[in-house]
Amino acid sequence: MATVTPDAPPADAPVQQAPVRRTAVRKRLVPYWLLLPGILWLLVFFAAPLVYQASTSVQTGSLEEGFKVTWHLQTYGDALSEYYPQFLRSVLYAATATVLCLLLGYPLAYLIAFRAGRWRNLLMVLVIAPFFTSFLIRTLAWKTILSDGGPVVGALGSLHVLDVTGYLEITAGQRVLATPLAVVCGLTYNFLPFMILPLYTSLERIDGRLHEAAGDLYARPVTTFRKVTFPLSMPGVVAGTLLTFIPASGDYINAELLGSTDQKMIGNVIQSQFLRVLDYPTAAALSFILMAAILAMVTVYIRKSGTEDLV
Amino acid sequence: MTALTRWIRRNLVVIAGLGTLAYLILPNVVVLVFSFNKPNGRFNYQWQRFSTDAWTDPCGVADLCGSLSLSLKIAVWATIGATVLGTMIAFALARYRFRARPAVNSLIFLPMAMPEVVMAASLATLFLNMGVDFGFWTILIAHIMFCLSFVVTAVKARVMSMDPRLEQAAQDLYASPAQTFVRVTLPIAAPGIAAGALLSFALSFDDFIITNFNAGSTVTFPMFVWGSAQRGTPVQINVIGTAMFAVAVLCVLVGQLAGARRKRS
């Protein structure tokens, strides 16, 4: 390789100009060569399918005769009017699970960040380790935990909790399985680590002296939390809620394993339309609506919470 | 009494945090306990009596170990693919200014902000219309696709926080660009690359939704568990789940001990 560097002695400058320019061009192309294979992969297998799906959603036809683009927008209307309960349920369940994750995850993240001392690493391992048992196996374990007549249901029954939840229609009779409570419990459980990890990351960055300073200025612990700790952990709260809400809203595993037909979410509908009914236009329309709804909600949420540097 | 209430109030966050931890760990305990169960019917949901049958014969169920090795194979290849492609993108984003940067950034971010079922259905639609046979390759392609973004994020963060003076110092000491990259840049970026690779492996190995749509009749381990929820859950899946948990915890502990020893010496 010709060792042409910008600070080489300009003895015969005109002769050297050409190679200099060629290396400059080659250097400018380096990032594009690095990007090419990965970006191509994402364009072909992520972006193109989304466009393709948008076109599928306005096709009509059958599996035998093939599908044709007919701009049949009616599919969207039919899909929405038939499956809006599942849409609403998905948003409701996912939002409830997200709030529960925040309420349950915050104390644990706070504990690990500020109070754990030399137990910190062990606690982190305990948060991450359950991941290594396939989540489907762990979700099935909830079937055992919440089984009819089991200790959990028995305790909730004798404490009359089931009477209250039954009145609120989130459980039915002396059962927890196959009720909204079981599905939300499973969703909360499955996505809790996605809340805890970003919360922990943002809490851990907080300078402990800020707490001391707040205390020195006569702030009570609650005030310190409200005015110092919580605002500083906002990036973690935003990231955590997104990481929980987005996968929860499209999930169909918890509803399938822990719920009954009355708890089906939009993911269940898309899955059965695609894999069982083989109605591809409807499946495409539903997943397109889900995608649009999520992207709209996420955009508004990120704007409102003022952390656009997240992306 | 007031001392007790004061203690509780002071340690409220500890109590609540440990409660959450118990909620997180409880299913794993159940999986462990029920790996020693001997159920009466086809389903392993109710405790009957103690038995080590499943542990002595973990592959005793048809297709279970086949699906497990398929999942491992896919996870290894998906990790290699996603780590190589993702690291290249991360270096391009962290080191170079170019016009398409914002577009590339959003293309990396979008797969992470998309419900899995949407990606799964759209990719399967594409394969279906191109007449591709579903199986090993379609699963692998899908897994590399959704792991890529996570590798990019992990590696980019590490490369961005690298002190550029280290590389300048290497060049001042007459290291060629290639030497600088291999001796300086790569070792510093290694923890980010390792984190991305580990995440890819875990995501790919445990993926269900995208695989469900793109596997055809090929059965990975999560697909096997899903099917068994309908047909009858063999005790062996609890054995595999517990063993994976134990191996992972062991790896972490060995890593921690090695790290502690290196720090001491």
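This is a short talk on how two chains meet in one model, and on a few local features within each of them.

Before I begin, please keep in mind that this is a predicted model, in which local features need pLDDT of at least 70 and side-chain atom pairs count only at pLDDT 80 or more, while totals for chains, interfaces and linings use all residues. Residues are numbered from 1 along each chain as its sequence is written, and chains are lettered from A and ligands numbered from 1 in the order in which they are written.

Let me start with the contact between the chains, where 69 residues come from chain A and 66 residues from chain B, two residues being in contact if their C-beta atoms, placed from the backbone, lie within 7 Å. On the side of chain A that touches chain B, helix 1 (residues 13–56) gives the most, with 18 residues; helices here are DSSP runs of H or I with at least four residues, numbered from the N terminus. That side of chain A divides into 52 nonpolar, 14 polar and three charged residues, where Ala, Val, Leu, Ile, Met, Phe, Trp, Tyr, Cys and Pro count as nonpolar, Asp, Glu, Lys and Arg as charged, and the others, Gly among them, as polar.

Now to one pair of helices across this contact. How do helix 4 of chain A and helix 2 of chain B cross? The axes of helix 4 (residues 135–145) of chain A and helix 2 (residues 12–34) of chain B come within 9 Å and cross at roughly 85 degrees, the axes being lines fitted to C-alpha atoms over the stretch in contact, with angles that run from 0 to 180 degrees between N-to-C directions. These two helices are therefore roughly perpendicular to each other, a label that covers 65 to 115 degrees. Among the residues that meet are A:Ile137, A:Ala141 and A:Trp142 from helix 4 of chain A, and B:Leu26, B:Val30 and B:Phe34 from helix 2 of chain B. By class, this helix contact has nine nonpolar, two polar and one charged residues.

Turning to chain B alone, the domain assignment gives domain 1 (1–60 + 234–265) and domain 2 (62–231), with bounds that come from an automatic or database assignment. The C-alpha centres of the two domains lie 28 Å apart, and their contact takes five residues from each domain.

Within chain B, helix 5 (residues 101–109) has B:Val104, B:Leu107 and B:Ile108 as its buried residues, buried meaning that 20 or more other C-beta atoms, placed from the backbone, lie within 10 Å of a residue's own, exposed that 12 or fewer do, and partly exposed in between. These buried residues cover an arc of only 100 degrees around the axis, which puts them on the same side of helix 5, the arc being that of the directions from the helix axis to the C-beta atoms. The face turned away from that buried side carries the exposed residues B:Pro102, B:Ala103 and B:Ser106.

In the loop between helix 5 and helix 6 (116–130) of chain B we find B:Pro111, which is partly exposed, with 19 other C-beta atoms within 10 Å. Not counting residues up to four places away in sequence, B:Pro111 touches A:Phe46, B:Met119, B:Phe146 and B:Ser149.

Finally, A:Ala178, in the loop between helix 6 (161–167) and helix 7 (180–204) of chain A, has a phi near 65 degrees, a positive value in a residue other than glycine.

Terms used:
Angles under 35 degrees count as roughly parallel, over 145 as roughly antiparallel, 65 to 115 as roughly perpendicular and the rest as oblique.
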